[in-house]
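Biologist: I would like a close look at one part of this model. Please take me through it step by step, in plain words.

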Amino acid sequence: QVQLVESGGGLVQAGGSLRLSCAASGIIIEFHDMGWYRQAPGKQRELVAAVISGRRTNYADSVKGRFTISRDNAKNTVYLQMSSLKPEDTAVYSCNAGDRNGLGFGYWGQGTQVTVSS
């Protein structure tokens, strides 16, 4: 069975850093496009960062220069390093492993809460 488990969320002050992890089982992440999404209260879900075709990375404009997505194929885990956090980054962050239909399809984790205080 396929499972994605996020961890690393929590409460942090503005300007601080967090690293989110997404540990996969039942799939091999190097064979999937991987993405981090977030959804804040009253907002639509948005793509924050992604690794496409194994090497290309994409970032939302709002996080460019602050967030970095990476993967460790040996650990079958994808990470989101977040720095210079802002209150606007507060959201539930979810990991996605795309399928043949692309990113946003396939498999999802349950999400981890990130709260940035001012």
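Biologist: In which sense do strand 7 and strand 8 pair, and over how many bridges? Please start there and then work outwards.

Modeller: A word of caution comes before the details: this is a predicted model. Strand 7 and strand 8 pair in the antiparallel sense, over six bridges. Take one pair of residues as an example. Phe67 has Met82 in strand 8 as its bridge partner.

Now step back to the sheet. Four strands make up an open sheet, in the order 1-3-8-7, with antiparallel pairing. Strand 1 and strand 7 are the edge strands, and each of them pairs on one side only. From one strand to the next, the twist averages 15°. A general point helps when you look at any strand. In a regular strand the side chains alternate between the two faces of the sheet.

Next comes the loop between strand 7 and strand 8, where Asn76 is found. Its backbone deserves a look. Phi of Asn76 is near 55°, a positive value in a residue other than glycine. Why does that stand out? Most residues other than glycine have a negative phi. Is Asn76 buried or exposed? Asn76 counts as buried because its relative accessibility is 14%, and the cut-off for buried is under 20%.

Asn76 also leads us to another loop. Ile29 touches Asn76, along with other residues including Arg71, Asp72, Asn73, Thr77 and Val78. Ala24 and Met34 are also among the residues that Ile29 touches. Ile29 itself lies in the loop between strand 3 (18-25) and strand 4 (34-39). Ile29 and Thr77 are 48 residues apart along the chain, yet their C-alpha atoms are separated by 7.3 Å. Ile29 has a relative accessible area of 0%, so Ile29 is buried.

Move on to the loop between strand 8 and strand 9. Ser84 lies there. Phi of Ser84 is near 50°, again a positive value in a residue other than glycine. Ser84 has a relative accessible area of 41%, so Ser84 is partly exposed.

Asp89 is in the loop between strand 8 (77-82) and strand 9 (91-99) too. Here charge comes into play. Side chains of opposite charge can pair when their charged atoms come close. Asp89 forms a salt bridge with Arg38, and the closest N and O atoms are 3.0 Å apart. Arg38 is in strand 4, so the pair ties together parts that are 51 residues apart in sequence. Asp89 is buried, with a relative accessible area of 2%. Arg38 counts as buried as well, at 7% relative accessibility.

Asp89 has another partner. Asp89 forms a salt bridge with Arg66, with the closest N and O atoms 2.8 Å apart. Arg66 lies in the loop between strand 6 (56-59) and strand 7 (67-72), so this pair ties together parts that are 23 residues apart in sequence. Arg66 is buried, and so is Asp89. Salt bridges with shared partners join Arg38, Glu46, Arg66 and Asp89 into one network.

How many salt bridges are there? The count comes to four. One of them links Lys64 and Asp61, with the closest N and O atoms 3.1 Å apart. Asp61 counts as exposed because its relative accessibility is 66%.

Return to the sheet, at edge strand 1. Glu6 lies in strand 1 (residues 3-7). Glu6 is buried yet has no salt bridge. The nearest side chain of opposite charge is Arg45, 10.0 Å away. What does the side chain of Glu6 reach at 2.9 Å? It reaches the backbone nitrogen of Gly111. The side chain of Glu6 also reaches the backbone nitrogen of Gln110, at 3.1 Å. Contacts of Glu6 further along the sequence include Ser21, Cys22, Trp36, Tyr93, Ser94 and Cys95.

Last, follow the chain past Asp89 to strand 9. A hairpin joins strand 9 to strand 10 through two residues. Three bridges join strand 9 to strand 10 (residues 102-108), and the two run antiparallel. In this pairing, Asn96 stands opposite Trp108 in strand 10.

Key. Residues are numbered from 1 along each chain as its sequence is written. This is a predicted model: local features need pLDDT of at least 70, side-chain atom pairs count only at pLDDT 80 or more; totals for chains, interfaces and linings use all residues. Side-chain values use heavy atoms; hydrogens and water are left out. Buried means under 20% relative accessible area, exposed over 50%, partly exposed in between (1.4 Å probe, protein chains only). Contact means heavy atoms within 4.5 Å. Lys and Arg count as positive and Asp and Glu as negative; His and the chain ends are not counted. A polar contact is a pair of N or O atoms within 3.5 Å; within protein, one must be able to donate a hydrogen and the other to accept it, and residues adjacent in sequence count only if both atoms are side-chain atoms. Two strands pair if DSSP finds at least two bridges between them. Axes are lines fitted to C-alpha atoms, for helices over the stretch in contact, and angles run from 0 to 180 degrees between N-to-C directions. Lists of a residue's contacts leave out its neighbours within four places in sequence.
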